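Student: I would like a close look at a single part of this model. Please set that part in its wider surroundings as well.

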Amino acid sequence: MVKIFNVSQIKKIDGCTVINQGITSIDLMERASLAVAEKLIRFLDPDQCILVFAGTGNNGGDALAIARILLSRHFKLYVYIVAPDELFSDDCLVNKECLERLTDVKLIKENQDIPHIPEDCIVIDGLFGSGLNRPLEGVYLDVVTVINASHNKVYSVDMPSGMFVEDNASNNPEGIIKAEKVFTFQFPKLSLLLPDSANYCKKMTVVNIGLCEKCIKEEETDLFFIEKSDATQLPIPRDNFSHKGTFGKALLIAGSYGKMGAAVLSARACLRTGVGLLTMHVPRCGVDILQTAVPEAMVQADEFPENVSSVGDNIDQFAIGIGPGIGTDDKTKDLLSDLFDKYRKPMVIDADALNIIAGDESLKEKIPSKSIITPHPVEFDRLMGGVSINGYERLQKAGEFANRYDIYIVLKGAYSAIITPERKVYFNSTGNPGMATGGSGDVLTGMITSLLAQKYLPLNAAILGVYLHGLAGDLAAKSKSQQGMLPSDMIEYIGKAYRALK
Ligand SMILES: NC(=O)C1=CN([C@@H]2O[C@H](COP(=O)(O)OP(=O)(O)OC[C@H]3O[C@@H](n4cnc5c(N)ncnc54)[C@H](O)[C@@H]3O)[C@@H](O)[C@H]2O)[C@@H](O)CC1
Ligand SMILES: Nc1ncnc2c1ncn2[C@@H]1O[C@H](COP(=O)(O)OP(=O)(O)O)[C@@H](O)[C@H]1O
Ligand SMILES: [K+]
């Protein structure tokens with residue numbers, strides 16, 4: 001797992017690296033800058049006009065070193081340092097003096113020094129990184145405004161300048177660079193993984209700069225980024241003599257009149273994820289649909305034609321998933337309450353089941369311990385009874401909720417976050433905007449329920465389920481495009497996603 005750290009931890013690890021590797025801070029700056037420059041060189045066009053904007057701290061130092069490396073590769077550069085008070089960090093000053101020997105470096109001290117930024121050029125942004133300690137104002141704000149208004153592609157070093165590494169609730173949205181790509185050093189930064197960064201970081205690339213592994217190992221955190229190597233370890237190998245009983249029984253309670261598609265998608269996804277036996281509990285109107293669309297599943301008909309209202313006995317034999325397409329009818333509310341009384345094992349709770357819980361405090365109390373709930377941000381805010389100001393606040397609330405009710409929360413989004421009862425957070429690294437189509441969530445519910453039935457621990461079921469779901473989405477997008485892919489296609493790629501983990 002890649003660890004995610006706060007600013008003081010990053011500073012500590014930088015310092016440790018310098019000591020343990022017997023290098024100077026300027027060596028580390030050079031290493032970091034070279035790593036970013038190498039990535040830039042791969043896709044920048046040497047004939048294109050490149051404008052570099054540096055600050056006076058170490059982020060500025062990085063930008064100036066990057067400029068020097070690009071110049072040595074014959075890129076056309078114009079370099080500006082925004083320095084209203086001309087106070088440079090030591091390492092920034094060294095890089096400024098090196099660069100001044102090679103090219104003209106202009107200082108921007110006040111608004112009138114800001115250059116006109118032509119169309120069709122590239123901007124390299126090294127104004128501020130992790131050292132930002134207040135929202136931008138004055139000439140810094142003006143420079144960012146001009147860069148954003150130019151609509152050129154901006155590549156940011158470490159952070160989009162003006163953006164805090166963690167919470168941006170008190171930030172000025174006008175004072176943050178809108179970056180095409182952010183090359184962030186060694187660790188993903190929390191704010192770049194939250195929806196808060198949607199306008200400021202189209203793509204995050206983590207650049208390894210060789211910080212001391214021992215320091216990283218020793219530094220504790222509750223935030224992690226899931227990598228392929230983490231997911232690869234999770235699938236339980238299949239024994240030669242295994243049979244359908246080995247891979248468990250899942251019961252999905254899903255569907256209502258007009259929403260049987262959600263039941264079909266979750267059923268197919270559950271089967272493709274490897275469950276031994278699947279039973280679908282659906283309203284009577286859905287029986288023929290399920291039997292035809294998913295012949296591998298057994299179907300239990302509810303007594304009501306259009307909604308689910310009760311589940312049978314002997315439910316302890318199953319891993320249960322509830323929610324896709326069930327609606328919020330009163331009969332279905334009774335079912336959920338009854339289910340929570342009868343069934344005390346971890347289950348997967350999604351969609352309308354969460355909307356039902358949202359309006360009823362006593363239901364929250366009854367959620368079986370270690371269950372996995374899978375809200376998207378709107379469902380989560382409904383559960384909380386109010387909208388969060390940003391993704392950071394939502395994450396804090398999710399930690400409190402998971403802890404209070406002893407459950408796992410999969411907070412879905414671009415980097416879905418899995419939050420544990422101990423308030424640890426695991427961010428997923430797979431998935432793409434092609435998955436933003438109704439039905440993708442139903443697929444995920446089927447997948448995680450399948451893994452629970454196969455005796456995966458709830459945390460592993462959530463991590464593997466979310467990772468595979470995103471990977472299946474990535475494979476589907478590769479073949480069908482983000483626009484053209486459907487949740488049904490993702491289901492067809494679950495097998496290939498498993499294979500890719502081998
Ligand atoms: N993470 C790492 O391992 C490494 C980090 N390096 C770079 O160092 C950066 C951090 O450098 P610094 O700590 O010098 O900080 P920055 O360069 O981000 O900021 C410089 C200084 O500006 C001041 N400042 C903060 N907010 C301001 C505002 N709104 N208006 C005006 N001034 C403001 C602060 O005093 C701050 O220290 C990282 O983002 C990264 O680019 C690299 O040089 C080397 C390795
Ligand atoms: N931009 C994105 N990048 C990665 N994954 C995404 C993106 N948009 C949506 N997803 C994933 O698609 C799924 C959508 O779920 P949800 O909103 O519940 O859809 P529905 O209720 O329509 O089935 C989630 O797992 C989410 O993480
Ligand atoms: K920056």
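How many C-beta neighbours inside 10 Å does D406 have, and what does D406 count as: buried, partly exposed or exposed?

Tutor: D406 has 15 C-beta neighbours inside 10 Å, so it counts as partly exposed (buried means 20 or more other C-beta atoms within 10 Å, exposed 12 or fewer, partly exposed in between, with C-beta atoms placed from the backbone). The model is predicted: local features need pLDDT of at least 70, side-chain atom pairs pLDDT 80 or more, while totals for chains, interfaces and linings use all residues. Residues count from 1 along each chain as its sequence is written, with chains lettered from A and ligands numbered from 1 in written order.

D406 sits in the loop between helix 15 (391-405) and strand 16 (helices are DSSP runs of H or I, at least four residues; strands are E, at least two; both are numbered from the N terminus). Its phi is near 55 degrees. That is a positive value in a residue other than glycine.

E86 makes a useful comparison. Phi of E86 is also near 55 degrees, and E86 is likewise not a glycine. E86 lies in the loop between strand 3 (76-82) and helix 4 (90-100). With 9 C-beta neighbours inside 10 Å, E86 counts as exposed. D406, by contrast, counts as partly exposed.

Now follow the chain onward from D406. Strand 16 covers 408-411, and the loop between it and strand 17 (417-419) holds G413. G413 has 20 C-beta neighbours inside 10 Å, so it counts as buried. Beyond its neighbours within four places in sequence, G413 is in contact with P195, H376 and P377 (contact means C-beta atoms, placed from the backbone, within 7 Å).

G413 also appears in a record. An unreviewed UniProt entry lists K412, G413, A414, Y415, S416 and G441 as "binding site" (positions follow the numbering used here, feature names are shortened, and annotations may be inferred rather than shown by experiment). These residues span 30 residues in sequence, yet no two of their C-alpha atoms are more than 14.0 Å apart, so they gather at one spot.

G441 belongs to helix 16 (residues 440-453). It has 25 C-beta neighbours inside 10 Å, so it counts as buried. Leaving out residues up to four places away in sequence, G441 touches D350, A351, T374, H376 and K412. H376 therefore turns up in the contacts of G413 and in those of G441. K412, a G441 contact, is itself on the UniProt list.

G441 leads to ligand 2. The shell around ligand 2 holds 19 residues, of which G431, P433, M435, S440 and G441 come nearest (a residue is near a molecule if its C-beta atom, placed from the backbone, lies within 6 Å of it). Helix 16 and helix 17 (458-480) each supply at least two residues of that shell. Helix 16 gives the most, with 4 residues. By class, the shell has 6 nonpolar, 11 polar and 2 charged residues (Ala, Val, Leu, Ile, Met, Phe, Trp, Tyr, Cys and Pro are nonpolar; Asp, Glu, Lys and Arg charged; the others, Gly among them, polar).

Turn to ligand 1. It is surrounded by 29 residues, and G57, N58, N59, G129 and G131 are the closest. Helix 1 (7-20), helix 2 (25-43) and helix 3 (58-72) are the elements that give two or more residues to this shell. Helix 3 makes the largest share, 5 residues. The classes come to 13 nonpolar, 12 polar and 4 charged residues.

Next, T332. It lies in helix 11 (residues 330-342). It has 24 C-beta neighbours inside 10 Å and counts as buried. T332 touches N307, V308, S309, I326, G327 and I356, residues up to four places away in sequence left aside. Its C-alpha atom is separated by 9.6 Å from that of D352, 20 residues apart along the chain.

Finally, the whole. The protein is divided into domain 1 (2-221) and domain 2 (238-500) (bounds from an automatic or database assignment). The contact between them takes 8 residues from domain 1 and 11 from domain 2. On the domain 1 side, that makes 4 nonpolar, 1 polar and 3 charged residues. The unreviewed UniProt entry lists residues 10-217 as "domain: YjeF N-terminal". That stretch is 37% helix and 20% strand, with its end C-alpha atoms 13 Å apart. The protein totals 19 helices and 18 strands. Its C-alpha trace spans about 80 × 50 × 40 Å along the principal axes. Of its 502 residues, 49% count as buried.

Terms used
Two residues are in contact if their C-beta atoms, placed from the backbone, lie within 7 Å.
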